[in-house]
Every structure is written in C-alpha cells, then in structure tokens.
Amino acid sequence: MTGGLHDLLAPAGPQAAALSHLWWLTLAVCVLVFVAVLAALAYAVWRAPRGTKGTAPDLALIDRSEPRLRRWVTVGVAVSTVLLLGLLVASFFTDRELAWLPLADAVRIELTAHQFWWDARYDGAEPSRTFTTANELHVPVGRPVVLTLRAADVIHSFWVPSLHGKKDLIPGRESTLAFRADRAGVYRGQCAEFCGTSHANMLLRLVVEPTDEFERWVASERAPALQPPAGLAADGAAVFAASACVGCHTVRGVSSGVVGPDLTHFGGRATVGAGVLPNTVDNVTAWILDPPRIKPGAKMPPLGLTEAQARSIAVYLLSLK
Ligand code: CUA
C-alpha cells in the first residue's frame, strides 16, 4: 500500500548492490553444483547394468576399482572445498564493502520501532535542527544515511531491500545501519521480524530525493504545525484538542503525547497506519473510528467519537502538511 520499489535485485545504492552481487554469485555456484550432481546421477543411471524380464542385471559389470572411486571422491571433496571457500571469501569482501562508506556529511536519523510503526527523529547538529516524524523517511540522493536503531517493545527488523540488508531493532540495545541511496525514488520497507499481530502491516516509506527537495522537506517538517483554515478543519482541531488524542500524539504547539506517531505534519505523508491505507479523509476517518478494525492489534483504541467528529479530525490532520 505504501507503493515504492521493494526489490532486492534492483539495488539503488552501493550496499544493496554489494549484497545482490553476492546473491547472484551464490546462485551461480549453487546452480553449477546442482547441474553437475544431476548430470553425474543421470550418467550413473544410464551406465548401470540392465536386466531383462528373464535375466537379472549382471552386477559384475560395475566398476568397483578402489583407486578409481577414491579419485572421484577426492575430486568431489576438493571442488566442494574450493567453491565453499570461494563463497566465504566473497562474503568477507561483501562485508567489507558494506562497512566502507565515508560518513562525514551523513544524515543521522534515530529510528525507534514500536508495535506497529516507526518513530523517526532527525538529528541535526543543533537541537533546533532536530525534529520527529513517523513511518515515512526522506533522505537526499547520494548522501550517506546513518540510522541509529532502537526498539520500544519487542524485536523488530528494519528492511528496505533496495537499499540494504536487514538489521534487527532490539529492546535495550542500540545498533546502527549506514547506507547510501544513489537513485531518487520511493522505496518500500517492511518490518522483517515477527513482532505481533500486525507485523505484516508495519511498513515504511523511504523517499529518496534531490538535495534541494530534501532540504525543503526538512524545513517544512521543522516548522511548527500549521493553523487549520476556518471550517471543518478548525472544528476538527478543537475536537482533537479536547479528546484523548492529545494524550498519545504530538502536534507541535498543540499537544505533546509520545505514545503514538508525531502528527505535526501528518498531511504530508502518503499513508495512514504505517502503510496500511492511502492517506485520505475517508481512510483517516475510518481509522480514527476503529483502528484495530483496519489494522489488527493496533494499540490505538476506538475513542467513541461520532463519525462527524472523526471526519473533522481527519480533515484537520490532513490539513497539517
Ligand atoms: Cu515490527 Cu514485525
């Protein structure tokens, strides 16, 4: 539902490229060995002594000479060893390639996984350049990105196949993942460690864009929440401020809850519910009325709002570009 490329074999950066090279090499070696083993088997079956209806096969025809058998076993062991060592060396060099990435001007993002969404804090050099968003990351083309990964509840796993391999997010432990995206586009990520009922609904959108567009996005994300235009959006703002929403969600300047995703610029995101549905008034209204109906296991409960109240909040939230 998030859209975007989700393809291990269409790498968009050096890390994914290194991994896909290793994948192709492993596939080639395995196919080669598989074909060789099948060919040897076919040859053995073809050569085997045959009987007829009346006579048993003449087993004396089988070549049981010890030195010959030993030679073939030795060749088999030697070839397997060389191929396996080759793969070992290749994976060692892939590892080195993954680790090699100059990080001088890296974009730093602290990514915390929750059941079942992603909390992202962009870490600028000064506190004033820091901001929080959720479920949709923007990064500039060609610049390294360093993710600091944490988990708030259970083990999750970050995986954007077009950009890097998987990395677990483990409660109480911090890990990092560095990558670079060299092609602009939208890439789809998926939590890759079973983390509960809606594990499969824990998607991530990664938008790779030219530096000027990225800087514009950063500037708008850092800005405080927009004032809603008069009308339904303003009504929604009032309902939002008076409801339980504020206990869990931050809209900068309005509320400061930290249990659920930051909604300060919710209207700028493409999806609601971490990739479950496109971000439209109808979908957000349905979401507000009963989140677990749309996303089983979602921690946000139905709040007992009327359909009209939910719709006004949806219009308000979508006005927060
Ligand atoms: Cu989070 Cu699976």
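This report describes the fold, the domain interface and selected local features of a predicted protein model.

**Overall architecture**

The protein chain contains 8 helices and 14 strands. Its radius of gyration is 28 Å, well over the 20 Å that the globule rule gives for 321 residues, so the chain is more spread out than a compact globule. Along the principal axes, the C-alpha atoms fill a box of roughly 95 × 50 × 35 Å.

Two domains are assigned within the chain: domain 1 comprises 1-37 + 82-210, and domain 2 comprises 232-318. Domain 1 is thus written as two segments of the chain, 1-37 and 82-210. The C-alpha centres of domain 1 and domain 2 are 29 Å apart.

**The interface between the domains**

Contact between the two domains involves 17 residues of domain 1 and 20 residues of domain 2. The principal values for this interface are set out below.

| Property of the interface of domain 1 and domain 2 | Value |
|---|---|
| Area buried between domain 1 and domain 2 | about 1500 Å² |
| Share of that buried area on carbon and sulfur atoms | 57% |
| Salt bridges across the interface | 0 salt bridges |
| Polar contacts across the interface (both residues at pLDDT 80 or more) | 7 residue pairs |

On the side of domain 1 that touches domain 2, β3 (131-134) and β10 (203-209) each supply at least two residues. The largest share of that side comes from β3, with 4 residues. Classified by residue type, the side of domain 1 that touches domain 2 has 7 nonpolar, 8 polar and 2 charged residues.

**Salt bridges**

Although 0 salt bridges are found across the interface of domain 1 and domain 2, the count for the model comes to 10 salt bridges. Side chains of opposite charge can pair when their charged atoms come close. E110 forms a salt bridge with R150, and the closest N and O atoms of this pair are 3.1 Å apart. The pair links distant parts of the chain, since E110 belongs to strand β1 (residues 107-114) and R150 to strand β5 (residues 144-151), 40 residues apart.

**Backbone geometry**

Two loops merit separate description. Most residues other than glycine have a negative phi, and most peptide bonds are trans. The peptide bond from Q115 to F116, however, is cis, with omega near 0°. F116 is placed in the loop between β1 and β2 (117-122). N135 is not a glycine, yet it has a positive phi of about 65°. The position of N135 is in the loop between β3 and β4 (136-140). Strand β3, which borders this loop, is also the strand that gives 4 residues to the side of domain 1 that touches domain 2.

Conventions. Residues numbered from 1 in each chain as written. Predicted model: local features only at pLDDT ≥ 70, side-chain atom pairs only at ≥ 80, totals over all residues. Heavy atoms only, no water. Domains from an automatic or database assignment. Contact = heavy atoms within 4.5 Å. Buried area = accessible area lost by both parts, 1.4 Å probe. Salt bridge = Lys/Arg side-chain N within 4 Å of Asp/Glu carboxyl O. Polar contact = N/O pair within 3.5 Å; in protein donor to acceptor, adjacent residues only side chain to side chain. Nonpolar A, V, L, I, M, F, W, Y, C, P; charged D, E, K, R; others polar. Rg over C-alpha atoms; globule rule 2.2 N^0.38 Å.
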